[in-house]
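Trainee: Could you take me through the pockets of this protein, and give one of them a close look?

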Amino acid sequence: MSDLRINSDRLWDSLMELAKIGATEKGGVKRLTLTDLDKQGRDLVTSWARDAGLSITIDQIGNVFMRRDGEDNTLPPIMTGSHIDTQPTGGKFDGNYGVLAGIEVVRTLNDRGIRTKAPIEVAFWTNEEGSRFVPVMMGSGVFCGAFTLEHAYAAKDTEGKTVGEELERIGYKGDQVPGQHPIGAYFETHIEQGPVLEDADKVIGVVPAVMGLSWYDCTVSGMEAHAGPTPMHLRKDAMQVAARIIPEVVAIANRYPPYGRGTVGMMQVFPNSRNVIPGQVKFSIDLRNVNDELLNKMHEEILAFVDKTSADTGLPIKIERVSYYPPCPFHPDCVGAVRKATEKLGYSTMDVVSGAGHDAIYAARVAPAGMIFVPCKDGISHNEIEDAKKEHLEAGCNVLLHAMLERAGVV
């Protein structure tokens, strides 16, 4: 097995063929979930799966599982997968690579006549991106019980169309109850969507965990007044108070390296006039870290700083946590399988904690899980110019192949 490698040309050609469905002028892909284009993408991928001898199961939220039987089909399958829906200005590789890498693993096993003890499955999950319907990672979230099927079905897009209606319309509302599909272990191969691997000149990122995140809405309330006649010491300037908090968000993140993250990405100023002292400022706060203890410390520090700032300035400040995802450590056995495969194949490597959400987070709630990262150009993703090198995609798929074989066993 030491010389076993995937067919990189075939993997690349499959990626380019799928990218034609929803192709944009700038070289990206717009294939929103449960649209006609999504149906075309689903139909193409499942046709490739059938050509490779895989059987197809679809659950009630539209998650698709493509199965290659093993020697012992009573064993839960060793699964890999990702998603094929994209952002409105998406790229060719985000999600798509993880699904087609799984198809390529199966094709390679077929080429070599290799039988595994446990079944091998390739999955693609519904609405990972969350760009048409919320919540994000919908299919895997329903699968693991993070939210109900009824909640997902009722989600509406901007035109008032629901997930339930659109699943029916495109013919991907299956019969299997989400969560009743067994998984023995789950691997997800993905472009990094960040610059760390490229900056370090490494080929494979071994992913031990995904960062947790806390999102907040913060509102500072002051009083609008004329910018000219109002002396500085008599102002109730909501913007200046908000400006005290924003650097603290960054400072908190810097106090908890290397995985502390702090971002203010959205701001609304009222009345937003150049000669009016702002009476109200609303802004977002995004805090992230790799374990709950550190993330909770960051949480407590931002709350304490807001309370002190309100007391010092006399202005009311409301801060509300609006979303929380706990950190997700991946299973040591799956992380170890990825690390072992990388070393055996001789690729340069480093550990990379994911700062973005993936379906593997929810899969990890029901089965041992792990992830494999490969570099993307300039760390750019969720963008039509998203790009990755063919040899890096090949390397990640080779690591996936050997990690899955370790877990599935070879007959």
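Trainee: How much space lies in the second largest pocket?

Mentor: Happy to help, and please keep in mind that this is a predicted model. The second largest pocket holds about 170 Å³ of space. Its lining includes a stretch you can find quickly in the sequence, Asp 201, Lys 202 and Val 203, and Leu 197 and Glu 198 belong to the lining too. From further along the chain come Pro 375, Cys 376 and Lys 377, together with Asp 387, Ala 388, Lys 389 and His 392. Sorted by class, this lining has 6 charged residues, 5 nonpolar ones and 1 polar one.

Now set that beside the largest pocket, with its volume of about 1,000 Å³. It has 45 lining residues, and those closest to the centre are Leu 213, Arg 288, Gly 355, Ala 356 and Gly 357. By class, the lining of the largest pocket counts 24 nonpolar, 12 polar and 9 charged residues. Several strands each supply at least two of the lining residues, among them strand S8 (212–221) and strand S13 (280–289). Where does the largest pocket lie? Domain 1 (8–210 + 327–408) and domain 2 (212–325) both contribute to the lining, so the largest pocket lies between them.

One more place is worth a visit. An unreviewed UniProt entry lists Asp 94, Glu 129 and His 382 under "binding site". These residues are spread over 289 residues of sequence, yet they cluster in space, with a largest C-alpha distance of 9.7 Å. Asp 94 sits in the loop between strand S3 (78–82) and helix H3 (96–112). Its relative accessible area is 6%, so Asp 94 is buried. Among the residues that Asp 94 touches are Glu 129 and His 382.

Methods:
Residues are numbered from 1 along each chain as its sequence is written. This is a predicted model: local features need pLDDT of at least 70, side-chain atom pairs count only at pLDDT 80 or more; totals for chains, interfaces and linings use all residues. Side-chain values use heavy atoms; hydrogens and water are left out. On a 1 Å grid over the protein atoms alone, a cavity is a set of points where a 1.4 Å probe fits but cannot get out, and a pocket is an open set with protein on both sides within 12 Å along at least five of seven lines; lining residues have an atom within 4 Å of a point. Grid points are joined across faces, edges and corners, and a volume is the space filled by probe spheres set on the points. Helices (H or I, at least four residues) and strands (E, at least two) are DSSP runs, numbered from the N terminus. Ala, Val, Leu, Ile, Met, Phe, Trp, Tyr, Cys and Pro count as nonpolar, Asp, Glu, Lys and Arg as charged, and the others, Gly among them, as polar. Domain bounds come from an automatic or database domain assignment. UniProt positions are given in the numbering used here, feature names are shortened, and annotations may be inferred rather than shown by experiment. Buried means under 20% relative accessible area, exposed over 50%, partly exposed in between (1.4 Å probe, protein chains only). Contact means heavy atoms within 4.5 Å. Lists of a residue's contacts leave out its neighbours within four places in sequence.
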